[in-house]
Amino acid sequence: MKKFDTNTAVDFVVVGAGAAGGVVAKELSTAGLDVVVLEQGPYLLEGDVAHDELENWAFWNSPRIGRSMLANNHERQPNTFRKTNNETAVVKPTIQYGQCVGGGSVHFTANYWRFHEIDFVERSRWGSISGTGFDDWPITYAELEPYYTKAEWDLGISGLAGANPFEPPHSKPYPLPPLPVKSSGVLLERGAKKLGWHAYSAPMAILSQPYKGRAACGHCGYCECFGCEWGAKSSTLASVIPMAEDTGHCEIRSGAYVRQISVDRQGRVNGMVYFDGQRQEQMQRAKAVVVCANGAETPRLLLQSTSSQFPNGLANSNGLVGKFLILECGAGATGTFEHPLNEYKSVVVTRVVQDFYDADPKRGFYGGGGMDARFDDHPIAYAISYRPDLPRWGSDFKRAVKENYTRTLNVFAHLTSLPMETNTVSLDPEVKDAWGQPAVRITYRNHPDDLKNMAFFRERALELLQAAGAKKQWGWPVEEVTMSVHLMGTCRMGNDPETSVVNKYHRAHDVPNLFVVDGSSFVTSGRNQPTCTIQALAYRAADNMVQAAKTGEIPSSF
Amino acid sequence: MENDSRRQFLFRSATGLGGAWLNMQWPAILAAQNHAREAANSHTVLVFQFFSPEQAAEVEAAAAQIIPADDTPGAREARVIYFIDRALVTFDKDKQPAYLLGLRELQVKTLELFPLAKSFSGLTSPQQIEVLHAIEKTDFFELLRLHTIVGFFARPEYGGNHNQVGWKLIGLEDKMTYEPPFGYYDAEYNKRQ
């Protein structure tokens, strides 16, 4: 891999080697531009991950007993949480994101849903919703469609275009056929058919056949929350990052934790200050900067980057950096079945239902979503959780675990979350991380319609389980969101510099050589499956950066 | 498993390694995995590093009530006690005081309910269950439950789940790869198609 000197200005510094940063790095470097990617997490390879639930523990939905290898570590980097501005935030794990080369695309479920046309123009179709920042995007589905296709073919997505009667137009089919259906998919399809709904083959960022020198999925089942041992999951680590490195124009610098974006006297960015693995401060000089650090860390970095020209943080002249935070909304139900499903094998999702994707005024609230069927608990996570079907210990507990581990199914709905200006990422005034930097402070309350939508989808999930023939089923509690793995909306894109942070090409309104590309660019939530759209946006933004470099509009080695 | 060296291995820098894994084929990966597993298993020695034999007997008896043996093996047969003992000298070192305190609580509750008892492990099974019900809201019980379950289902290399009894109980077949059909309903579905 190429190594760059910190004192020589490279064309671009990219912050974050995740779903977006990996794509941007590949696109810029294959165009011949010199790129340094600063990634705070480690550079793990396939041989570093194992079929080991204890070691790979990546989520905290149960007491955390292992170390989080692929995600942010709250002991080193705590966040604080409060519901409203009137409260003092307290330390409480709220945000979870991939923290390794490849970012969240390494451990994600690999659901790869495109947005629909409606997701970009929903404000125009639905009307305004008072007290929210519900708005249209500055781009349409048609403008993004070529980049969805590019992402699917570059990264390697398996699916069946045309199988979903509600899907938006695809200019090309998926490059790979769907993965084999699992019992979860069969039961979802059975339930949907009975109810007159439509289950279709899930588009997944996992290879069903060998592709571009990578092996096909071996159905090992250590998938969501794990790193893939075969490189069959189409993370940026397995797909585009090696391509970027092969150009000789890209250095992935892991263990580099950014502190501040440096600006020159003209108010242009000229480099990135970061801590290296020894916690020594370094500065990588650059002609332009692309921040792809996720919906929480991106605004945090901009807010930390204060200077005499930018006293409120970079790209924040209108005060909107960190506002309109969107956290994921989900709902669902669990059921048990007569025969073993053996969901511990293979990929997590094989069928999806999107009959309730669009919001419908008849429901009496705004909201929509899509549903998949899965059972994604490994044995430890399953057995230590508190569930209505599990006594806590003793022979009844043992019998229930034995009976239900292979026979349990969740219907999981992925839902809209309304953007609210009062929901924010800001810098905590007291709490610091292990490097002495201010902790991320989350202020968050759901709009009442989010909760109504969750209750609506819980009922649909129960109907599906019942129709699929579950012996028993129960709905999940409907609660305000206080933790999230999908972080969106905090540097929203728009045409008006007064009401948005970046323009439709992800360039900061305030700083011409600063770009922000990740979930923070989102104007609205979509249906809480953001990765596909984050990556399509990244391809589109990078395309524009290359053009700008070619025309000399931004300085580069061209 | 030697945790510190493993951590260093994981957090190594990327120098010179990028893309090298691309050339790794499945057989090589499988062989590497199997080798690692055998190496780990060969170091399994049934010696306590934290507990005294008396303490181990008490903890093991309690764990064996959380996951009892019936027609299938329980926590005792899974050697969960060795998992816990090893955890307390490696990745869960900071839980040592909780165990020492918890063992005292267990002793106190045992004597309170059964004044003539010599130890918790010396009680009859129904008596042990009674004592555990009396402490089941305590932090110690919660920790012991967690460790027992983890030791029962974690990879055998960690010292518990001996002979994969945990996985066998729940019908989890431990293989590196699987092929469809995976479960009952997809097998049935594929037959119909």
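This is a short dialogue on reading a predicted two-chain model.

Colleague: How is this model numbered, and what counts in it?
Modeller: Residues are numbered from 1 along each chain as its sequence is written, and chains are lettered from A and ligands numbered from 1 in the order in which they are written. The model is predicted: local features need pLDDT of at least 70, side-chain atom pairs count only at pLDDT 80 or more, and totals for chains, interfaces and linings use all residues.

Colleague: How many helices and strands does chain A have?
Modeller: Helices (H or I, at least four residues) and strands (E, at least two) are DSSP runs, numbered from the N terminus. Chain A has 11 helices and 19 strands. Its radius of gyration, taken over C-alpha atoms, is 22 Å. The globule rule (2.2 Å times the number of residues to the power 0.38) gives 24 Å for 558 residues, so chain A is as compact as a globular protein of that length. Its C-alpha atoms fill a box of roughly 70 × 50 × 50 Å, taken along the principal axes.

Colleague: And what does chain B contain?
Modeller: Chain B has 9 helices and 0 strands.

Colleague: What share of each chain is buried?
Modeller: Count the other C-beta atoms, placed from the backbone, within 10 Å of a residue's own: 20 or more means buried, 12 or fewer exposed, and in between partly exposed. In chain A, 61% of the 558 residues are buried. In chain B, 34% of 193 residues are.

Colleague: Is Glu55(A) buried or exposed?
Modeller: Glu55(A) is buried, because it has 21 C-beta neighbours inside 10 Å. Glu55(A) sits in the loop between strand E2 (35-39) and strand E3 (79-82) of chain A.

Colleague: How do I read a sheet?
Modeller: Strands of a sheet pair through backbone hydrogen bonds, either parallel or antiparallel. Here, two strands pair if DSSP finds at least two bridges between them. In chain A, 4 strands form an open sheet with mixed pairing, in the order E4-E3-E16-E15. The edge strands are E4 (90-91) and E15 (424-432), each pairing on one side only.

Colleague: In which sense does E3(A) pair with E4(A), and with E16(A)?
Modeller: With E4(A), the pairing of E3(A) is antiparallel, over 2 bridges. With E16(A), E3(A) pairs in the parallel sense over 4 bridges. Follow Thr80(A): its bridge partner in E4(A) is Val91(A), and in E16(A) it is Arg441(A).

Colleague: Which helix lies across E15(A)?
Modeller: Helix H7 (residues 297-304) of chain A lies across E15 and strand E16 (438-443). It runs at about 65 degrees to E15(A). Axes are lines fitted to C-alpha atoms, for helices over the stretch in contact, and angles run from 0 to 180 degrees between N-to-C directions.

Colleague: How many residues does each chain bring to the contact between them?
Modeller: Two residues are in contact if their C-beta atoms, placed from the backbone, lie within 7 Å. Chain B brings 44 residues and chain A brings 55. On the side of chain B that touches chain A, H7(B) gives the most, with 5 residues. That side divides into 31 nonpolar, 8 polar and 5 charged residues. Ala, Val, Leu, Ile, Met, Phe, Trp, Tyr, Cys and Pro count as nonpolar, Asp, Glu, Lys and Arg as charged, and the others, Gly among them, as polar.
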